[in-house]
Structure formats: structure tokens, C-alpha cells
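I am opening a notebook on a structure that is new to me. The entries below follow the order in which I looked things up.

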Amino acid sequence: MSTAHAPGAPFGASPGASTGTGDAPASTHGADPVLLVSSEGAVRVLTLNRPQALNAFTTAMLGQLRHALDDAAQDPTVRAVLVTGAGRAFCAGQDLNDPYIKPEFADADASDAPSVGSTATPAGGQPQRRPKPKDIGHLLDHYYIPLALRLRSMPVPTLCAVNGVAAGAGANFALGCDLVIAGRSASFIQAFSRIGLVPDCGGTWLLTRLVGRARALQLTLLGEKLPAEQAQQWGLIARCVADEELASVAMATAQQLAGMPTKALVQTREALDDAMDLGLEDALRMEARLQSQLGYAHDYLEGAAAFLDKRTPHFKDR
Ligand code: LHQ
């Protein structure tokens with residue numbers, strides 16, 4: 001796959017090898033593609049590409065992201081996935097302008113919904129704007145839940161290079177990746193409470209596990225910006241690096257993951273997640289069951305043999 005550089009994309013993303021603007025697999029028709037897809041060796045790179053709106057998720061982008069993850073999952077040549085954003089942001093969360101969720105407005109007497117904006121009676125007899133509410137949970141059911149589950153069940157390790165602000169669902173999508181590396185100027189904002197919503201895209205599950213209840217509440221209730229450096233100190237993310245080093249460190253880490261025993265890495269992710277809900281004895285038995293299975297696999301036999309032979313192992317299971 002092409003690795004030609006696209007403007008604003010930190011990795012070798014090629015619009016020609018990317019998805020288009022519809023909720024569909026790869027297409028190059030129409031306007032600028034909202035998701036760029038490229039490969040560097042066994043690393044598949046997905047770049048959110050709506051820099052003018054800080055890469056806020058539209059339904060088109062959400063659909064394409066899921067298709068791109070499906071595609072990477074099914075491609076035996078892919079051994080790691082790296083996600084990042086074009087421009088100065090990683091992702092500002094759900095695009096609040098997307099027609100899928102943006103309330104339509106009706107005149108005051110056309111709805112019993114609450115009015116928005118000023119509560120003062122407008123001068124000149126103009127009717128107040130009243131939103132016609134929509135079921136925004138529908139968007140979660142149809143887009144965010146499948147996306148978050150797809151990400152968490154990837155058969156290869158996933159890494160997010162957070163190149164700028166990550167807000168709302170954008171933050172939680174990033175945190176759903178196996179490893180998160182952020183540039184020093186990046187930040188994480190649980191923006192939901194600012195607009196009257198609860199955390200989504202896995203935020204309730206992820207944040208409590210990653211940083212504990214007190215810090216999860218601090219982040220989600222106040223909706224304040226958490227700088228990347230503090231996010232690392234809190235254990236929310238793996239690493240914080242200089243902005244100018246982000247692309248190279250993230251790619252080197254993704255290449256490192258791609259060269260490792262994929263099946264063991266993925267089963268490690270699953271075991272760590274499952275262990276949160278297990279007692280010690282059940283966790284010990286789960287570990288034994290997984291080792292039993294992996295002990296028959298090529299990668300363990302190769303890894304152990306390579307160690308004893310004092311040579312570099314060549315892993316190939318997926
Ligand atoms: C945006 C957005 C945006 C559209 C910046 N949408 N345009 C799930 C299901 C259902 C419903 C709702 O939500 C969800 C999940 C969620 O993700 S909810 C949370 C949604 N996200 C937010 O509330 C964050 C909104 N954005 C911000 O607070 C700021 O933009 C941040 C703090 C991210 C960045 O601030 P600045 O660096 O000062 O940039 P800016 O605010 O000037 O934004 C630059 C442009 O991007 C601007 O457009 P303009 O045409 O004026 O240049 C913004 O309107 C646009 N933009 N976020 N989510």
C-alpha cells in the first residue's frame with residue numbers, strides 16, 4: 001500500500017489509498033477523504049482527516065473507521081494498527097454539527113421541548129427557537145458501540161499517537177487502544193459534562209479502570225483539560241514525548257509490536273481486561289488455560305528455541 005505523504009498527516013498516509021466520505025469501505029470519490037489509510041511494513045496507519053473541525057467524528061468517519069479496523073483485522077499481513085489525527089488535534093469527539101444528532105428547530109408553539117438560548121421573550125414577536133430532540137443514543141447503538149467493541153477485539157495490538165487535543169468520544173477512542181503515546185502539547189478532555197451528557201465510547205469502563213474512581217470523577221465531572229504529561233503521571237496513557245518525536249516514537253513502537261508474538265499480545269490484553277472482574281484463583285486458572293493453548297503455538301516454540309539458540313526469533317502467529 002502507498003506511503004506517499006499527505007499534507008497535515010504525520011505518517012505516510014496517502015489519500016489515494018484511503019476511504020472516501022460515505023459510510024462505506026475504501027473509496028476515493030468526492031471531497032477530501034475523512035480517513036487516510038496507509039501501511040508501513042506490517043503496521044496499518046489510520047489517520048483521522050478533518051483537521052478543519054479538529055477531526056471531530058462524523059457518522060461517515062465513524063463508519064469508515066470501523067470498516068478500516070475490520071479490514072486490518074482480516075488482513076493477515078497487518079500485525080499492528082496505529083491511529084492518529086491530521087493537523088493540530090487528534091479528535092474533538094462527536095461532531096456536534098452532524099445532522100444525525102444536531103437538533104432541528106421548530107417554533108415555540110410547535111413543540112413542548114425546552115427552549116434554548118436566551119430565555120427572555122424576544123423582541124418584535126419573533127418565535128423562540130425550540131429544539132426537536134432526537135434520540136442521540138441511536139448514534140451510540142449504531143456507530144460508537146460497534147466501533148469501541150471492534151477496537152477492543154482487534155486481533156492485533158493497537159496504538160494511538162495523540163497529536164493534539166482529544167476530547168469527548170475522541171479521548172475515549174484513543175484510550176481504548178492498547179498503548180497511547182501523546183505529544184507534549186496534547187491533552188485529554190472528558191467534554192461530555194460541559195454539554196449535559198455522560199461519558200461514552202467506553203469512558204465509564206475505561207476511566208475507572210485506568211485511573212480509579214476519584215480521578216475518573218474529577219475528569220468527567222469537571223470536564224477540564226488534562227495535559228499529556230499529567231495523563232502519563234496518572235497512568236492514563238503509556239508515554240508522553242516531545243511533539244516533534246511523536247511520529248517517529250509511535251511508528252517505532254508500532255513496528256516493535258508488529259514484530260512480536262501477536263497472539264500472545266492480544267491474549268494478554270484480553271486476560272488483563274478479564275482479570276479486573278475475577279478473583280485470584282479464577283485469574284490463576286485463566287492464566288494456566290491461556291498458557292496451555294499458547295504452549296502449542298508456533299510463536300512460543302519459536303521464541304523459546306530462539307532464546308536457547310541465542311538468535312532473533314521470527315514470530316508469525318496471528
Ligand atoms: C467542532 C468540534 C465538534 C464540531 C471543534 N464538533 N466542530 C456521542 C453521541 C451523541 C451525541 C453527542 O456526543 C457523543 C460523544 C461526544 O464526543 S460528546 C463531546 C463532543 N465534543 C465536544 O463537546 C468538544 C467540543 N470542542 C471543544 O470543546 C473545543 O473545540 C476543543 C477544546 C476540543 C478545542 O478547542 P480549541 O483548540 O479552542 O479549538 P476551537 O474550539 O476553536 O475549534 C476549532 C474548530 O473546530 C471550530 O470551528 P471553526 O469553524 O469555528 O474554526 C470548532 O467549531 C470546530 N470543532 N470541536 N465536537
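Which residue in strand 10 does valine 162 stand opposite? I looked it up and found alanine 182. I note at the start that the model is predicted.

**Entry 1: strand 10 and its partners**

I stayed with strand 10, which covers residues 179-183. Four of its five residues are buried, so I wrote it down as mostly covered. On one pairing I found strand 8, residues 158-162, running parallel to strand 10 over four bridges. I then checked strand 13, residues 239-241, and it also pairs with strand 10 in the parallel sense, over three bridges. Within that pairing, isoleucine 181 has arginine 239 of strand 13 as its bridge partner. I added a reminder that strands of a sheet pair through backbone hydrogen bonds, either parallel or antiparallel.

**Entry 2: a sheet of four strands**

Next I looked at an open sheet with the strand order 5-9-11-12 and mixed pairing. Strand 5 (89-91) and strand 12 (225-227) are at its edges; each has a single partner strand, so one side of each lacks a neighbour in the sheet. I read off an average turn of 20° between neighbouring strands of this sheet, direction ignored. Strand 11, residues 187-189, pairs with strand 12 in the antiparallel sense, and I counted three bridges there. One residue pair I noted is serine 187 with its bridge partner proline 227 in strand 12.

**Entry 3: the chain as a whole**

I stepped back to the chain, which has nine helices and 13 strands. Of its 318 residues, 40% are buried. I also looked at contacts between residues at least 6 apart in sequence: 66% of them join residues at least 24 apart.

**Entry 4: the core**

How many residues does the largest nonpolar core have? I found 78. Among those with the most contacts inside this core are Val81, Leu82, Cys91 and Leu159. Val162, which I met opposite alanine 182, is also on that list. I followed valine 81 further, leaving out residues up to four places away in sequence. Its contacts are Arg44, Leu46, Leu69, Ala72, Met154, Val156 and Thr158.

**Entry 5: around the ligand**

I listed the shell around the ligand and got 24 residues. The closest are Ala92, Gly93, Gln94, Gly168 and Ala169. Sorted by class, the shell has 17 nonpolar, four polar and three charged residues. Helix 2 (137-152) and strand 9 (165-167) each supply at least two residues of this shell. Strand 9 is also a member of the sheet with the order 5-9-11-12.

**Entry 6: two positive phi angles**

Most residues other than glycine have a negative phi. I therefore wrote down two residues that depart from this general pattern. Asparagine 55 has a positive phi of about 60°. I located asparagine 55 in the loop between strand 3 (43-48) and helix 1 (59-74). Is asparagine 55 buried or exposed? It has 30 C-beta neighbours inside 10 Å, so it counts as buried. Lysine 310 also has a positive phi, near 55°. I found lysine 310 in the segment after helix 9 (298-309). Lysine 310 has 6 C-beta neighbours inside 10 Å and therefore counts as exposed.

Conventions:
Residues numbered from 1 in each chain as written. Predicted model: local features only at pLDDT ≥ 70, side-chain atom pairs only at ≥ 80, totals over all residues. Pairing = 2+ DSSP bridges. Axes fitted to C-alpha atoms, helices over the stretch in contact; angles between N-to-C directions. Core = buried A, V, L, I, M, F, W, Y, C linked by C-beta atoms within 7 Å. Buried ≥ 20, exposed ≤ 12 C-beta atoms within 10 Å, placed from the backbone. Contact = placed C-beta atoms within 7 Å. Near = placed C-beta within 6 Å. Nonpolar A, V, L, I, M, F, W, Y, C, P; charged D, E, K, R; others polar.
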